[in-house]
Each structure stands twice: as C-alpha cells, then as structure tokens.
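Hi,

Here is the structure I promised to pass on. Have a look at it first, then read my notes underneath.

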Amino acid sequence: MAFNVIDLMDQQSVEGARSTVPFFFRLGDTQRASIRPLLNLDGACEVWFHKIYNPQGKFYVESTCARVIGKKCQLCEDALRASDRKAKKDMTAKQMFMLPVWLYSIKTKKIDDGMAVLDENDNPVFEDLTYTNKETGEKKLVSGVRVLQLMFKESSFARVADTFRLMYKAGNSIADRDFLIERHGSGTDTSYEPSKRNPSPFSVKPDFDVTEEWVRQSCINNYPPQVVSEGYRARGTSDPAIDAIVQGVKNAQVADDTIGDF
Ligand SMILES: [Zn+2]
C-alpha cells in the first residue's frame, strides 16, 4: 500500500487540511472558537456570493458572484432557470458582509475511541483543536486569520451579525474585544451563537495587512466567479484576465469609493 489510509482520513477530518489555506471561519457541531474582529463592522466587505447546499447539507457550490467583477454570472443564470422556488432561492447570490477576524483557537469535545470524554459532573471535556504540520510533524493550534460571512436574515450567522451591528450602533468598536462563538446543529439547521468578552488590547500581529480590499480579492481568488461561457473555474486557478479585473476594481476604488452597482 503506497499510503496510510488512516493518515489520509486524519488529514481530511481537521479544518486546516481540507484546503491549501483555510479562509472562511467554520466550526464543527458543538465546537467553539475565540476570535477578535480585525476591523470594526464598517470595515466589512460587501460581496455577493453563491453558497448552494445539496440536500445532505454538505457544500455543493461556493463561488463569488461574477457580478462582483462586472461579468455575467453562470450561477445567477442557472438560478433563473431553476424549476421550483426553493431551488431558485437557494441558488441565488446572497449579499454577504465579509469580516476578517483573528481566530485564537478552537475548542472541541475531547474524544477517546470515538466517544466524548466527560468530567466528574458528566459535562463534556473540551480541548484545543490542533493539526499536524506535514513537513515537521509538529502539532499546531488551528489559529490565524479567518473571514466571517455575515448575513442578517435566515443565516447561520444571523445572531453574530446582529450582535455586532447592535454594538456598532451603540458606538462601540467590535475590534476592541474578543468574542466566543459556539456552533450548534449541522447542515441547514446550523447556528452560531456569540458571547462577548470585556474590551482588551489586542497583541497578535497577523503577518500581512488585513484590509477590506484583501478580503474582496481573496474571495475572488479562493472562490472564483463562474463567468458565462468561460468554462468552469476551479478554486485556486489564477487567470490573468481575472487578475486584471481585480486590479481594475482596486484602482477604481482608490480613485472613487463608489464601484458601480454590483
Ligand atoms: Zn451570480
């Protein structure tokens, strides 16, 4: 056997191994995370995004709507042709507010032989979620820059989004404090519940500049738009034409804050 199948299964089961670089903030059922928003709420980046689930609630398609780069979107066209109302609604691009955060760590239920380990009061024991660095074999904390996909209605992140909006409206910067976010449920019944900690100084320094424009470009690069009659574009493919458009959007933004209607 050329590979150890258990190693492959281990890799698939941790967040950091699913893709080359984790980008969106995600948790498994009953996991909880400690985060710090890297920008205040008015620094969130508006991106129209397709997130289409299959009936099992697994991801089927995640793609930035091609309208974001001023092109005709194949997924929007598919949505128009969808047979029933629910499918149409599911397939339509959603207006999301992408907010970069620092993920300190994720706590997950301690599991032994596939079963949750309980403490003396029969409450589950939690431990830090780690992954193994393939090159060094070193165990590392799942941690770093992640992007929250905030939406205000019928979304798993609605409670988090509302909490942030109310705080911002009350004149408080959400970037001044840490939040605990816990996930409940799975598939389309997922919800993320926030709780906040007192304001505190932020001492972590991400190794690159996390700006609204970085978030927009990363969405486009990591979850490429499916442009009508340009063929399927897989995640991570670099395309000079798209790069040029992204650069154009960036330049336009410097010259003028209003970037057309998308
Ligand atoms: Zn679209």
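The mean pLDDT of the protein is 80, and 77% of its residues reach 70 or more; pLDDT is the predictor's confidence in each residue, on a scale from 0 to 100. Among the elements, strand 1 has the highest mean pLDDT, at 96, and helix 6 (residues 240-255) the lowest, at 45. Two stretches have pLDDT below 50: residues 11-19, with 11 contacts in the model beyond near neighbours in sequence, and residues 245-262, with 16 such contacts. A contact here means two residues whose C-beta atoms, placed from the backbone, lie within 7 Å.

Some housekeeping. This is a predicted model, so local features need pLDDT of at least 70 and side-chain atom pairs count only at pLDDT 80 or more, while totals for chains, interfaces and linings use all residues. Residue numbers start from 1 along each chain as its sequence is written.

On to the overall picture. The protein has 6 helices and 12 strands. Both are DSSP runs numbered from the N terminus: helices are H or I with at least four residues, strands are E with at least two. Of the 262 residues, 23% count as buried. Buried means that 20 or more other C-beta atoms lie within 10 Å of the residue's own; with 12 or fewer it is exposed, and in between it is partly exposed, with C-beta atoms placed from the backbone. Of the contacts with a separation of 6 or more, 62% are between residues 24 or more positions apart.

Strand 4 is a good place to start looking. Strand 4 pairs antiparallel with strand 1 over 6 bridges, with strand 2 over 5 bridges, with strand 10 over 7 bridges and with strand 7 (residues 126-128) over 3 bridges. For two strands to pair, DSSP has to find at least two bridges between them. If you want residues to click on, R32 has K107 of strand 4 as its bridge partner, and K107 also has a bridge partner in strand 7, D128. Elsewhere, C45 is matched with M98 of strand 4, and V101 with R146 of strand 10.

Which residues touch the most other members of the largest nonpolar core? They are M98, L99, V101, L148, L150 and V160, out of 44 residues in that core. The elements giving two or more residues to the core are strand 1 (32-37), strand 2 (45-53), strand 4 (94-109), strand 10 (144-150), helix 4 (158-169) and helix 5 (212-222). Strand 4 gives the most, with 8 residues. By nonpolar core I mean a set of buried Ala, Val, Leu, Ile, Met, Phe, Trp, Tyr and Cys residues joined through C-beta atoms within 7 Å.

Helix 4 is worth a look too. Helix 4 has 12 residues and reaches 16 Å from its first C-alpha to its last, close to the 16 Å expected; the expected span is 1.5 Å times one less than the number of residues. V160, A161 and F164 are buried in helix 4. Seen down the helix axis, the buried residues fall within an arc of 100 degrees, so they line one face of helix 4; the arc is that of the directions from the helix axis to the C-beta atoms. L166 and K169 are exposed on the other side of helix 4. What covers the buried residues includes strand 10, strand 11 and strand 12. Leaving aside residues up to four places away in sequence, V160 touches L148, L150, I181, Y192 and P194. Just after helix 4, G171 takes a positive phi of about 90 degrees.

Two of those covering strands form a hairpin. Strand 11 (residues 177-184) and strand 12 (residues 191-199) run antiparallel and are joined by 7 bridges, with F179 standing opposite K196 of strand 12. There are 6 residues between the strands of this hairpin, and G185 takes a positive phi near 80 degrees.

Last, a loop. K72 is found between strand 3 (59-64) and helix 2 (74-81). Is K72 buried or partly exposed? K72 is partly exposed, because it has 14 other C-beta atoms within 10 Å. Not counting residues up to four places away in sequence, K72 touches A66, V227 and V228. K72 and V228 are 156 residues apart along the chain, but their C-alpha atoms are separated by 5.5 Å.

Cheers
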